[in-house]
Amino acid sequence: MVQRNDLNMDHLTHYYLNAMGIQAWRLNTPLNPSVPAMTDEWHALQMTVANCTACDLCQTRTQTVFGVGHPQAKLMLIGEAPGFYEDQQGKPFVGRAGQLLNAMLESIGLTRDAVYIANILKCRPPNNRDPLPDEVAHCTPFLMKQIALIKPALLLALGRIAGHFLLETHAALGTLRGKVHAFGEEKIPLIVTYHPAYLLRNPADKSKAWQDLQAVHHHLSISNTPSRLSPIKKHNS
Ligand code: SF4
């Protein structure tokens, strides 16, 4: 059961929620636990990424964008690649798209601290072009390791690039929405929705994104598994 959240939303959040034509909801059981310290394994992975030169994007990046959030999050969001502001700040989903993502999370009672957010690529492609196949091949083992460490109860793919990689398909995003997929050998539930940057350009689709968020909220509400799945061995991309 959920109840309306009428507390502690700033003006910007209200602006984006109103723009999406949605109201905010909060789970009776909060999913915003305190964030535990990262383990040595996390730190080692982060250092490996920070020093990575496996593809040409290392030559044009300002810095790597590893990921942020709760290391035992029930919900893990996966986007495409860092953009200009992400490359500058070293964090995923900042700028206007990040503000919209924050509002989307808040609409289902979550904060960035309660989830984990990462991208397919850890370095910005020049001019925000689509990731190249060899870049994806070199970089996604890092993402697979992050998923294996977090063991999320639910994955949310943000946009076409993330959906295509995680589901090993080239199907239209519209056909990937509206269902719960299974990811990898562990069959982690996975929902696909629009990338916030796309929603900023195509506000008419925000209502569809809201439907996807309701599905996320529902799945988390009925999931009592505190993110304790077996390690993921390998994803065949
Ligand atoms: S995009 Fe990934 S594989 Fe390429 S240099 Fe950056 S961290 Fe390494």
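**Ligand shell and sheet**

Trainee: How do the residues of the shell around the ligand divide by type?
Mentor: Nine are nonpolar, three polar and two charged. Ala, Val, Leu, Ile, Met, Phe, Trp, Tyr, Cys and Pro count as nonpolar, Asp, Glu, Lys and Arg as charged, and the others, Gly among them, as polar. To be near the ligand, a residue needs its C-beta atom, placed from the backbone, within 6 Å of it.

Trainee: Which residues come nearest?
Mentor: C52, C55, K122, C123 and C139, out of 14 around the ligand. This is a predicted model: local features need pLDDT of at least 70, side-chain atom pairs pLDDT 80 or more, while totals for chains, interfaces and linings use all residues. Residues are numbered from 1 along each chain as its sequence is written.

Trainee: And which element gives the largest share of that shell?
Mentor: Helix α5 (residues 133-150), with three residues. Helices (H or I, at least four residues) and strands (E, at least two) are DSSP runs, numbered from the N terminus.

Trainee: New topic: what's the strand order in the open sheet?
Mentor: The six strands run β3-β5-β4-β6-β8-β7, with mixed pairing; strands pair if DSSP finds at least two bridges between them. β3 (68-69) and β7 (181-183) are the edge strands, each pairing on one side only.

Trainee: How do β4 and β6 run, parallel or antiparallel?
Mentor: Parallel, with four bridges joining β4 (residues 75-79) to β6 (residues 154-158). L77 has L156 in β6 as its bridge partner.
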